[in-house]
Amino acid sequence: MNADFTERIKESGLRLTQPRMKILEALNELDRPIGVYQLHDKMTEAKVNVNIVSIYRTLAAFQELGIVHYIPSQQGYLLCEAECRDDQQTEHLVCDQCGNVNELPIPTCATNDLKEQADSRGFRATKIRVEVSGICFECQKS
Ligand SMILES: [Zn+2]
Ligand SMILES: [Zn+2]
């Protein structure tokens with residue numbers, strides 16, 4: 001795992017409790033988004049005592065730090081790959097076949113343009129999520 005993530009959590013003042021650490025580890029093992037209930041099942045399997053509300057709160061805190069992103073089309077959460085400092089602008093490639101999701105590296109391109117367009121209309125964009133659907137490289141080979 002990106003060691004920087006645990007550093008950033010500590011810097012933010014958020015206590016890295018055992019359940020939070022376990023959530024982070026679980027996300028780190030996945031290359032596709034996971035829903036809150038699935039994550040809760042995983043925690044139960046791992047004998048980590050944490051309820052749904054705490055998982056939601058932890059994910060929200062991680063999102064604020066840019067460690068985790070929510071992928072609307074998959075209704076799941078994914079660990080950041082691009083060292084984001086926040087969750088306000090994200091760009092992901094979503095494979096329709098295997099469900100793999102890849103984050104595009106920063107600097108973000110499409111979301112910057114969208115932000116400019118919003119600004120020019122006096123609209124204060126707080127979150128811009130770009131999802132590109134398609135078939136990933138691996139799936140095209142098979
Ligand atoms: Zn990111
Ligand atoms: Zn694929």
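Which residues of the largest nonpolar core touch the most other members? The points below take up this core and then several single residues of what is a predicted model.

1. The core. The largest nonpolar core has 22 residues, and those that touch the most other members are Leu27, Ile67, Val68, Tyr77, Leu78 and Leu79. Six elements give two or more residues to this core: the helices α1 (3–12), α2 (18–28), α3 and α4, and the strands β1 (68–71) and β2 (76–79).

2. Leu27. This residue lies in helix α2. Leu27 is buried, because 23 other C-beta atoms lie within 10 Å, and the cut-off for a buried residue is 20 or more. Apart from neighbours within four places in sequence, Leu27 is in contact with Ile34, Val68, Tyr77 and Leu79. Its C-alpha atom is separated by 9.5 Å from that of Cys80, and these two residues are 53 residues apart along the chain.

3. Tyr77. Neighbours within four places in sequence are again left aside here. Tyr77 is then in contact with Leu27, Pro33, Ile34, Leu59, Val68 and Tyr70. Leu27 and Val68, both in this list, are also among the core residues that touch the most other members.

4. Helices α3 and α4. Helix α3 covers residues 36–45 and helix α4 covers residues 52–65; they pack at an angle of about 115°, and their axes are 10 Å apart. The two helices are therefore roughly perpendicular to each other. Their crossing is right-handed. On the α3 side the contact is made by Val36, Leu39 and His40, and on the α4 side by Ile52, Ile55, Tyr56 and Leu59. Six of the contact residues are nonpolar, one is polar and none is charged. Leu59 of this contact is also one of the residues that Tyr77 is in contact with.

5. Ile71. Strand β1 holds Ile71. Is Ile71 buried or exposed? Ile71 counts as buried because it has 20 other C-beta atoms within 10 Å, and a residue needs 20 or more to be buried. Not counting residues up to four places away in sequence, Ile71 touches Pro33, Gly76, Leu78, His92, Val94, Val101 and Glu131. Pro33 also appears among the contacts of Tyr77. The C-alpha atoms of Ile71 and Arg129 are separated by 8.2 Å, and the two residues are 58 residues apart along the chain.

6. Gln89. This residue is found in strand β3, which covers residues 89–95. With 21 C-beta neighbours inside 10 Å, Gln89 counts as buried. Neighbours within four places in sequence aside, Gln89 is in contact with Thr108, Thr111, Lys115 and Ile128. From the C-alpha atom of Gln89 to that of Gln63 the separation is 11 Å, and these residues are 26 residues apart along the chain.

7. Gln75. The loop between β1 and β2 is the place of Gln75. Gln75 is not a glycine, although it has a positive phi of about 45°. How many C-beta neighbours does Gln75 have inside 10 Å? There are 13, so Gln75 counts as partly exposed.

8. Glu83 and Glu81. Glu83 lies in the loop between β2 and β3, and Glu81 is found in the loop between β2 and β3 as well. Phi of Glu83 is near 55°, which is a positive value in a residue other than glycine. Glu83 has 14 C-beta neighbours inside 10 Å and so counts as partly exposed. For Glu81 the number is 15, so Glu81 counts as partly exposed. The C-alpha atom of Glu81 is separated by 12 Å from that of Arg32, and these two residues are 49 residues apart along the chain.

Terms used
Residues numbered from 1 in each chain as written. Chains lettered and ligands numbered in written order. Predicted model: local features only at pLDDT ≥ 70, side-chain atom pairs only at ≥ 80, totals over all residues. Axes fitted to C-alpha atoms, helices over the stretch in contact; angles between N-to-C directions. Helix = DSSP H or I, 4+ residues; strand = E, 2+ residues; numbered from the N terminus. Parallel < 35°, antiparallel > 145°, perpendicular 65-115°, else oblique. Left-handed = near helix turned anticlockwise from the far one by under 90°. Contact = placed C-beta atoms within 7 Å. Nonpolar A, V, L, I, M, F, W, Y, C, P; charged D, E, K, R; others polar. Core = buried A, V, L, I, M, F, W, Y, C linked by C-beta atoms within 7 Å. Buried ≥ 20, exposed ≤ 12 C-beta atoms within 10 Å, placed from the backbone.
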